Amino acid sequence: MAIRWNPLSTTCSLPGTHGRRESSHSQHFLAPPRRANPHRPLTPNAVPSSNARQLIESGAICPIPPREAASAVVDGGFVMLDIRPEWEREKARVAGSLHVPLFVEDRDNGPLTLLKKWVHFGYIGLWTGQNFTTLNSDFIEQVEEVVPDKDARILVACGEGLRSMMAASKLHDHGYRNLGWLAGGFNRSKDSDFPDVEGAEKLQYATIGGASYFFLQLLILLQAVGKE
């Protein structure tokens, strides 16, 4: 049974919710989400296209907030597709989720790429710990290998919600029709949203690395001390 869309609003009715409509709050999440690290600039390639926004606004892709994601998987028959790069997923991941990265590390060592890597490291990589990436040219083919049924319900997820919006749009363009989008990404999740998380970090902090990671740990320590 396909997702039952409500064509008159930006809500969608998920299987397993006994017919009630789940508010997507899509207008809230379609605005660029607040980032855990305000010094981290957005990757230009990760800015969602107007087509992705239109698909969500029209109901073709269902925005699902983190607090509803576990229910969508358990009761709604969704499978979670984590499209974060490997180094983010290693830190924290939802147990049982599938993984196909939308962006992969750029291993080209040509002169122009090396120059871009040095600039990236100086302005972004050193602070955030993020590698210099390129679009995974095999993304669709790799998704088709792990989810060959294009009628399957897929909840596309990433850290901040931008890359997953882009990925969901690509999947829709290639025939997947029962798509959900983790609105706002894992960064907006709470500890109670996903009961079974693997990895050493919290999902909310998996996008944070480099020097900013040590500032985060210091902040967490100060907060803990302040509560004592």
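In the predicted model, P63 of strand 3 has W181 as its bridge partner in strand 10. This bridge belongs to a longer register, since strand 3 (residues 61-64) and strand 10 pair in the parallel sense over 4 bridges. Within that register, C62 stands opposite G180. Strand 3 itself is covered on both faces: I61 and P63 are buried on one side, and C62 and I64 are buried on the other.

Strand 10 (residues 178-182) is likewise mostly covered, with 5 of its 5 residues buried. Its side chains divide between two directions, N178, G180 and L182 pointing one way and L179 and W181 the other. Strand 10 also pairs with strand 9 (residues 153-157), to which it runs parallel and is joined by 4 bridges. Residue R153 stands opposite N178 in this pairing, and V156 stands opposite W181. W181 is thus a bridge partner of P63 and also faces V156. The connection from strand 9 to strand 10 passes through helix 7 (residues 162-173), and the resulting β-α-β crossover is right-handed.

These pairings form part of an open sheet of 5 strands, ordered 3-10-9-4-6, in which the pairing is parallel. Strand 3 and strand 6 (98-99) occupy the edges; each has a single partner strand, so one side of each is left without a neighbour in the sheet. In the strand order, strand 10 lies between strand 3 and strand 9.

Two loop residues illustrate the packing around these elements. Y176 is located in the loop between helix 7 and strand 10. Its relative accessibility is 0%, and Y176 therefore counts as buried, the cut-off being under 20% relative accessible area. Leaving aside neighbours within four places in sequence, Y176 is in contact with V143, E144, V147, D149, K150, I154 and L171. Of these, L171 falls within the range of helix 7, while I154 falls within the range of strand 9. The C-alpha atoms of Y176 and D151 are separated by 6.3 Å, although the two residues are 25 residues apart along the chain.

The second residue, V147, is found in the loop between helix 6 (139-146) and strand 9. With a relative accessible area of 6%, V147 is also buried. Residues up to four places away in sequence being excluded, V147 touches L98, A152, I154 and Y176. The contact with L98 links positions 49 residues apart along the chain, and the corresponding C-alpha atoms are separated by 9.1 Å. I154 appears in the contact list of V147 and in that of Y176.

With regard to aromatic side chains, a search of the whole structure finds 1 aromatic pair. It consists of F186 and F194, whose ring centres are 5.7 Å apart and whose planes lie at 70 degrees, so the pair is edge-to-face. F186 counts as buried because its relative accessibility is 1%. F194, at a relative accessible area of 6%, is buried as well.

At the level of the whole protein, 8 helices and 11 strands are assigned. Of its 228 residues, 46% count as buried. The exposed surface amounts to about 11,800 Å², of which carbon and sulfur atoms supply 56%. Among contacts with a separation of 6 or more, 72% are accounted for by residues 24 or more positions apart.

The confidence of the prediction varies along the chain. The mean pLDDT is 75, and 57% of the residues reach 70 or more. Over residues 5-10 the pLDDT is below 50, and this stretch has 12 contacts in the model beyond near neighbours in sequence. Residues 210-218 also have a pLDDT below 50, with 15 contacts in the model counted beyond near neighbours in sequence.

Notes:
Residues are numbered from 1 along each chain as its sequence is written. This is a predicted model: local features need pLDDT of at least 70, side-chain atom pairs count only at pLDDT 80 or more; totals for chains, interfaces and linings use all residues. Side-chain values use heavy atoms; hydrogens and water are left out. Buried means under 20% relative accessible area, exposed over 50%, partly exposed in between (1.4 Å probe, protein chains only). Two strands pair if DSSP finds at least two bridges between them. A crossover is right-handed if, with the strands pointing away from the viewer, the path from the first strand over the helix to the second runs clockwise. Rings of Phe, Tyr and Trp (its six-membered ring) pair if their centres lie within 6.5 Å; planes under 30 degrees apart count as stacked, over 60 as edge-to-face and the rest as tilted. pLDDT is the predictor's confidence in each residue, from 0 to 100. Contact means heavy atoms within 4.5 Å. Accessible areas come from the Shrake-Rupley method with a 1.4 Å probe; for residues, only the protein chains shown count as cover.
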